[in-house]
Amino acid sequence: MEKEGRLRLRPIGMEEEVEPLEFIEEMTSHVDEVQQMVLDDILSTNAYTEYLQRNGIFGGSIDRKTFKSKLPIIEYKDILPNIQRIPNSDPSPMFSAQPISELLVSSRTSGGEQKIILLIANHHEGIYTIFGWLIPTVMNK
C-alpha cells in the first residue's frame with residue numbers, strides 16, 4: 001500500500017490506489033452502495049454462523065429490508081451469553097466464520113460495566129490501518 005513513502009489505499013470496487021482523503025471521499029460519496037457491498041460480504045462470508053442461522057438468515061444473500069426485519073437492533077446483554085462462550089474455548093462459529101483472534105475489554109462504559117470486544121482474524125489489521133492514517137491525515141486537515 002505504500003508508494004513513494006505515502007500511504008495509499010484501494011477503495012472497494014476500484015482498481016487503483018488513492019490517497020487517504022480521496023479514499024474517504026470515495027467511500028462517503030457512495031455510502032449506500034458501499035454499505036450494501038459490505039453487508040453482502042459480511043453475510044456471504046458468515047452465512048453459516050450460529051447467530052445468523054438462529055435468526056433465519058441462510059445462504060448469505062439477503063436484501064437490507066429482510067436483514068433488518070430478521071436482525072433487529074439488540075443490546076450487548078442480548079448476546080452476552082454467546083460472547084462469554086468464546087473465552088471459555090467454545091470453537092463454534094457463533095458470530096464469524098473467521099476465528100476470533102483477540103478479546104479486548106473496554107474501559108468502563110456509561111453504564112459502568114466493562115464489555116468484551118471481539119476482534120476477528122484479519123479484520124483488526126484494517127482497523128489499525130484506518131486509525132493509523134486517520135489521526136495524522138484527517139485530523140490535521
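This passage describes the surroundings of helix α5 and the salt bridges in a predicted model.

Helix α5 spans residues 76-85, and its buried residues are Ile 79, Asn 82 and Ile 83. When the helix is viewed down its axis, these buried residues fall within an arc of 105°, so they line one face of α5. The face turned away from this buried side carries the exposed residues Lys 77 and Pro 81. On the buried side, the packing partners of α5 are α3 (50-54) and β4 (116-120).

Two of the buried residues of α5, Ile 79 and Ile 83, belong to the largest nonpolar core, which has nine residues in all and is completed by Leu 39, Leu 43, Tyr 51, Leu 52, Ile 57, Ile 62 and Leu 71. At least two residues of this core are supplied by each of α2 (31-45), α3 and α5. With residues up to four places away in sequence left out of account, Ile 79 touches Tyr 51, Ile 74 and Phe 95; of these, Tyr 51 is itself listed in the core.

Beyond the helix, Pro 87 is placed in the loop between α5 and β3 (100-105). Pro 87 counts as partly exposed because its relative accessibility is 41%, which lies between the limits of 20% and 50%. Apart from neighbours within four places in sequence, Pro 87 is in contact with Leu 103 and Ile 116. The C-alpha atoms of Pro 87 and Ile 116 are 9.6 Å apart, although 29 residues separate the two in sequence.

Three salt bridges are found in the whole structure. Glu 50, Arg 54 and Arg 85 are linked in a network of such bridges. Within this network, the side chains of Glu 50 and Arg 54 meet at 3.4 Å, N to O, and both residues lie in helix α3, four residues apart, or about one turn of the helix. Glu 50 also forms a salt bridge with Arg 85, for which the closest N and O atoms are 2.9 Å apart. Arg 85 lies in helix α5 and Glu 50 in helix α3, so this pair ties together parts that are 35 residues apart in sequence. Each member of the network is partly exposed, with relative accessible areas of 27% for Glu 50, 45% for Arg 54 and 25% for Arg 85.

A further salt bridge joins Lys 77 to Glu 75, with 3.9 Å between the closest N and O atoms. Lys 77, on the face of α5 turned away from the buried side, is exposed at 58% relative accessible area, whereas Glu 75 is partly exposed at 49%.

Conventions: Residues are numbered from 1 along each chain as its sequence is written. This is a predicted model: local features need pLDDT of at least 70, side-chain atom pairs count only at pLDDT 80 or more; totals for chains, interfaces and linings use all residues. Side-chain values use heavy atoms; hydrogens and water are left out. Buried means under 20% relative accessible area, exposed over 50%, partly exposed in between (1.4 Å probe, protein chains only). The arc is that of the directions from the helix axis to the C-beta atoms. Contact means heavy atoms within 4.5 Å. A nonpolar core is a set of buried Ala, Val, Leu, Ile, Met, Phe, Trp, Tyr and Cys residues joined through side-chain atoms within 4.5 Å. A salt bridge is a side-chain nitrogen of Lys or Arg within 4 Å of a carboxyl oxygen of Asp or Glu.
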